[in-house]
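Open the model in your viewer and keep the selection box at hand. Each stop below says what to select and what is there.

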Amino acid sequence: MLKGKIALVTGTSRGIGRQIALTFAGNGAVVYANARKEGSLDSLTEESKNMNGKVMPLYFDVTDTDALKNAFIRIKKENRKLDCLVNNAGIMQDALIGMIDKKTIHDVFETNVFAVMELTQLAARIMIKQQSGSIINLASIVGINGNKGQLVYSASKGAVIAMTKTAAKELAPQNIRVNAIAPGMIDTEMFRSIGTEKTTERLGNIGMGRLGTTENVAKTCLFLASDLSEYVTGQIVGVDGATII
Ligand SMILES: NC(=O)c1ccc[n+]([C@@H]2O[C@H](COP(=O)([O-])OP(=O)(O)OC[C@H]3O[C@@H](n4cnc5c(N)ncnc54)[C@H](OP(=O)(O)O)[C@@H]3O)[C@@H](O)[C@H]2O)c1
C-alpha cells in the first residue's frame with residue numbers, strides 16, 4: 001500500500017510509533033524512523049530487514065529545532081521528496097489541578113505541540129513543492145473529551161486537533177492531507193504508566209472490553225498514509241473500541 005513512498009515517523013523506539021514504522025515498512029515504504037537515544041532502534045531495524053520497505057534510523061530529539069532542520073535536509077537530499085509525516089512522539093505527565101508546575105506545562109507542550117508545529121512546517125515546505133503529501137498527528141480521546149488529572153496533556157492534544165483542522169484547510173489546495181488519530185486506551189508503556197489498579201478500573205470504560213493494540217492504531221495510520229484515503233482530510237479518527245471518557 002505504500003510502495004515507493006518516503007515517510008518520517010517520530011518516536012519509534014517503542015509503543016505506537018514503533019508499530020507504525022514496522023507496518024509502513026511492511027507495506028513497502030522507506031521509513032525514516034526517529035528516536036532520541038542512539039542505538040534504541042537496533043531491534044526495529046533488525047525486525048524490518050526482510051520486509052518490502054526499509055527502516056532508516058534517524059536520531060534526534062523532536063524539541064531540538066536545529067536537529068529537526070538537519071533531519072529534513074538529509075531526507076530531501078536522499079530522496080528529493082517526503083510523502084508522509086507521522087507526528088507520533090509524545091509525553092504524558094498527569095497532575096491534579098493545583099499540583100501542576102510550570103515545568104510540566106512547558107515540557108508537555110514543547111514535545112506534544114511546539115515540535116508538531118515545527119515538523120509540520122518543515123514537511124509542508126517539501127510537500128508544497130511536490131504538490132502531494134499526508135501528515136498524520138497522534139492526538140488522543142482526552143483531547144476531545146477531557147479527563148480528570150490530565151489538564152495539561154488533554155490541552156496539548158486539543159491543540160493537536162485544532163492544528164490538524166487548520167493545517168488541513170490551509171494545505172488542501174496543495175493536495176496535502178492532514179488528519180489526526182485519537183486513540184483511546186492503547187496497551188503501551190505510556191498507558192501502563194498509570195498503574196495496574198487504574199488500568200483495570202478503566203477497562204470497564206471500554207465498550208469492546210479490551211485495551212487497544214498498537215496494531216489497531218498502526219492500521220488506521222496506514223490507511224491515512226495510503227492513497228485509499230486520497231479524499232480524506234481534516235478528520236480526527238477515533239481508535240478507541242467505543243471508550244467512554
Ligand atoms: N497509549 C495510549 O493509550 C495513547 C492514547 C492516546 C494517545 N496516545 C499518543 O500516541 C503517541 C504514542 O504513544 P505511546 O503510547 O506509544 O507512548 P510511549 O510508549 O510512551 O512512546 C512514546 C514515544 O515517543 C518518544 N518521544 C518522547 N519524547 C520525544 C522527543 N522529545 N523526541 C523524540 N521522541 C520522543 C519516546 O522515545 P524515548 O524512548 O526516547 O522516550 C517513545 O518512542 C503519543 O503521542 C501519545 O500521546 C497514546
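In which strand is the place of Asn87? Select Asn87 and see: strand β4, residues 84-87. This is a predicted model, so keep that in mind at every stop.

**Stop 1: Asn87 and its partner**

Stay on Asn87. With a relative accessible area of 3%, Asn87 is buried. Now add Asn137 to the selection. The side chains of Asn87 and Asn137 are joined by a polar contact of 2.8 Å.

**Stop 2: the largest cavity**

Keep both asparagines selected. Asn87 and Asn137 are among the residues that line the largest cavity. Complete the selection with Asn88, Ala89, Asn112, Val116, Leu138, Lys157 and Val160. The space inside is about 40 Å³. Three elements each give at least two residues to this lining: α4, β5 (133-138) and α6. By class, the lining has four nonpolar, four polar and one charged residues.

**Stop 3: the second largest cavity**

How many cavities of 30 Å³ or more does the structure hold? The count is two. For the second largest, select Gln93, Asp94, Ala95, Ile100 and Thr104, then add Gly149, Gln150, Leu151, Val152 and Tyr153. The second largest cavity holds about 30 Å³ of space. Helix α6 gives the largest share of its lining, three residues. The lining divides into five nonpolar, four polar and one charged.

**Stop 4: the largest pocket**

Next, move from cavities to pockets. Select Asn88, Ala89, Gly90, Ile91 and Met190: of the 44 residues lining the largest pocket, these lie nearest its centre. Its volume is about 940 Å³. Colour the elements that give two or more residues to this lining: α1 (15-26), β2 (30-35), α4 (102-130), α5 (141-145), α6 (151-171) and α7 (189-192). The lining residues of the largest pocket divide into 19 nonpolar, 16 polar and nine charged.

**Stop 5: the ligand**

Show the ligand as sticks. Which residues come nearest to the ligand? Of the 29 residues around it, they are Ser13, Arg36, Asn88, Tyr153 and Thr188. Some of these names have come up before. Asn88 also lines the largest cavity, and Tyr153 lines the second largest cavity.

Now draw three distances, each from a polar side-chain atom to a ligand oxygen:

- Ser13: 2.6 Å to an oxygen atom of the ligand.
- Arg14: 2.9 Å to an oxygen atom of the ligand.
- Thr188: 2.5 Å to an oxygen atom of the ligand.

**Stop 6: the second largest pocket**

Select Asn147, Lys148, Lys198, Glu201 and Arg202. These lie nearest the centre of the second largest pocket, which is lined by 15 residues. The volume of the second largest pocket is about 300 Å³. Its lining divides into five nonpolar, five polar and five charged residues.

**Stop 7: two cysteines**

Select Cys84 and Cys221. Why is there no disulfide between these two? A disulfide needs cysteine sulfur atoms within 2.5 Å, and the sulfur of Cys221, the nearest to that of Cys84, is 6.2 Å away. Cys221 is likewise in no disulfide. A search of the whole structure finds zero disulfides. Are the two cysteines buried or exposed? Cys84 is buried, at 3% relative accessible area. Cys221 counts as buried too, at 0%.

**Stop 8: Met127, and a long line to Asp94**

Go to helix α4 and select Met127. At 0% relative accessibility, Met127 counts as buried. Now draw a line from its C-alpha to that of Asp94. The two residues are 33 apart in sequence, and the line spans 35 Å.

**Stop 9: two positive phi angles**

Most residues other than glycine have a negative phi. Two residues to check here are Arg80 and Asn175.

Select Arg80 in the loop between α3 (65-79) and β4. Arg80 is not a glycine, yet has a positive phi of about 65 degrees. At 65% relative accessibility, Arg80 counts as exposed.

Finish at Asn175, in the loop between α6 and β6 (176-183). Asn175 is not a glycine either, and has a positive phi of about 65 degrees. With a relative accessible area of 46%, Asn175 is partly exposed.

Methods. Residues are numbered from 1 along each chain as its sequence is written. This is a predicted model: local features need pLDDT of at least 70, side-chain atom pairs count only at pLDDT 80 or more; totals for chains, interfaces and linings use all residues. Side-chain values use heavy atoms; hydrogens and water are left out. On a 1 Å grid over the protein atoms alone, a cavity is a set of points where a 1.4 Å probe fits but cannot get out, and a pocket is an open set with protein on both sides within 12 Å along at least five of seven lines; lining residues have an atom within 4 Å of a point. Grid points are joined across faces, edges and corners, and a volume is the space filled by probe spheres set on the points. Helices (H or I, at least four residues) and strands (E, at least two) are DSSP runs, numbered from the N terminus. Ala, Val, Leu, Ile, Met, Phe, Trp, Tyr, Cys and Pro count as nonpolar, Asp, Glu, Lys and Arg as charged, and the others, Gly among them, as polar. Buried means under 20% relative accessible area, exposed over 50%, partly exposed in between (1.4 Å probe, protein chains only). A residue is near a molecule or strand if one of its heavy atoms lies within 4 Å of it. A polar contact is a pair of N or O atoms within 3.5 Å; within protein, one must be able to donate a hydrogen and the other to accept it, and residues adjacent in sequence count only if both atoms are side-chain atoms.
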